[in-house]
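This report looks at pairs of oppositely charged side chains and at where their members sit along the chain.

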Amino acid sequence: MQLLVVGLLPWAFLLPPGGWAGEIIGGKEAKPHSRPYMAYLQMKRNNDHYTCGGFLVAKNFVLTAAHCWGEITVTLGAHNIRKREPSRQVIQVRRQIPHPQYDRETLNNDIMLLQLAEPAKLDGWVETIALPCAGEEAEPGMVCRVAGWGCTIATDHSSAASALQEVEVEVLADAECNYRNYVSSTMLCAGLPWKGKDSAKGDSGGPLVCGAKAQGIVSWGPDTPPGVYTRVSTYNKWIKDTMRGAYP
């Protein structure tokens with residue numbers, strides 16, 4: 001399951017032992033622009049370059065993982081990141097707001113809001129996605145989808161994807177993620193271990209979409225499914241309060 005985007009390796013020591021921080025495993029190319037809420041994040045840290053995923057939750061806010069930090073540029077409305085697309089909107093980040101209890105060592109509370117320097121234009125190519133209400137949980141057995149540009153379609157391939165990839169996964173019982181540092185109240189377990197399907201390197205920060213809502217954020221996990229996602233419903237109040245209180 002490699003959920004880090006290619007390029008996050010320089011700081012892999014910040015992850016739990018054996019963990020990644022975000023590629024799509026066992027998936028396929030998504031229908032172009034079928035996920036208009038997806039954001040492609042390009043980051044710079046100490047002259048090194050990295051990528052992550054994210055998703056638009058309001059005209060001026062993108063939600064992502066807290067470990068996706070740096071000097072960030074957000075691209076919305078993209079499908080193939082190596083081609084020129086008139087649908088794209090490239091916006092700088094005004095403010096990065098990680099959760100105040102984010103732990104870099106365990107990746108607990110791995111969630112961050114990005115306040116955009118200017119509002120996104122919602123035009124069909126770019127749209128927001130709904131979030132779950134507080135207490136509205138993704139239950140084990142629920143079938144969901146995760147998407148990203150992080151990596152590969154096949155488990156034996158590790159090059160970064162140009163076009164958006166997606167894969168269908170299943171929400172699993174917390175016991176299936178019996179990893180050290182797994183916290184059931186703030187994390188969500190998902191994947192299809194018996195089919196080798198999961199998110200992976202480079203997908204970090206992207207959404208786990210169940211129905212029409214973003215129930216999880218690609219966070220970390222071992223090199224095989226299942227993976228660990230930030231449980232979005234736990235942070236419903238923090239997300240709303242933070243967006244409401246952010247300065248203009």
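In this predicted model, Lys 213 and Glu 136 form a salt bridge in which the closest N and O atoms are 3.1 Å apart. Lys 213 belongs to strand 14 (residues 213–220), while Glu 136 lies in the loop between strand 8 (112–116) and strand 9 (143–148), so the salt bridge ties together parts that are 77 residues apart in sequence. Lys 213 is partly exposed, at 24% relative accessibility, and Glu 136 is likewise partly exposed, at 28%.

The structure holds nine salt bridges, and another of them joins the side chains of Glu 166 and Arg 35, with an N to O distance of 2.8 Å. This pair also links distant parts of the chain, since Glu 166 is in strand 10 (residues 165–171) and Arg 35 is in the loop between strand 2 (28–29) and strand 3 (38–45), 131 residues apart. Glu 166 counts as buried because its relative accessible area, 9%, is under 20%, and Arg 35 is buried too, at 13% relative accessibility.

A third pair, Asp 241 and Lys 237, has its closest N and O atoms 2.6 Å apart. Both residues lie in helix 1 (residues 236–245), where they are four residues apart and therefore separated by about one helical turn. Asp 241 is partly exposed, at 33%, whereas Lys 237 is exposed, at 60% relative accessibility. Elsewhere, salt bridges that share partners join Arg 35, Arg 145, Glu 166 and Glu 168 into one network.

| Salt bridge | N to O distance |
|---|---|
| Lys 213 and Glu 136 | 3.1 Å |
| Glu 166 and Arg 35 | 2.8 Å |
| Asp 241 and Lys 237 | 2.6 Å |

Conventions:
Residues numbered from 1 in each chain as written. Predicted model: local features only at pLDDT ≥ 70, side-chain atom pairs only at ≥ 80, totals over all residues. Heavy atoms only, no water. Salt bridge = Lys/Arg side-chain N within 4 Å of Asp/Glu carboxyl O. Helix = DSSP H or I, 4+ residues; strand = E, 2+ residues; numbered from the N terminus. Buried < 20%, exposed > 50% of the residue type's maximum accessible area, 1.4 Å probe, protein only.
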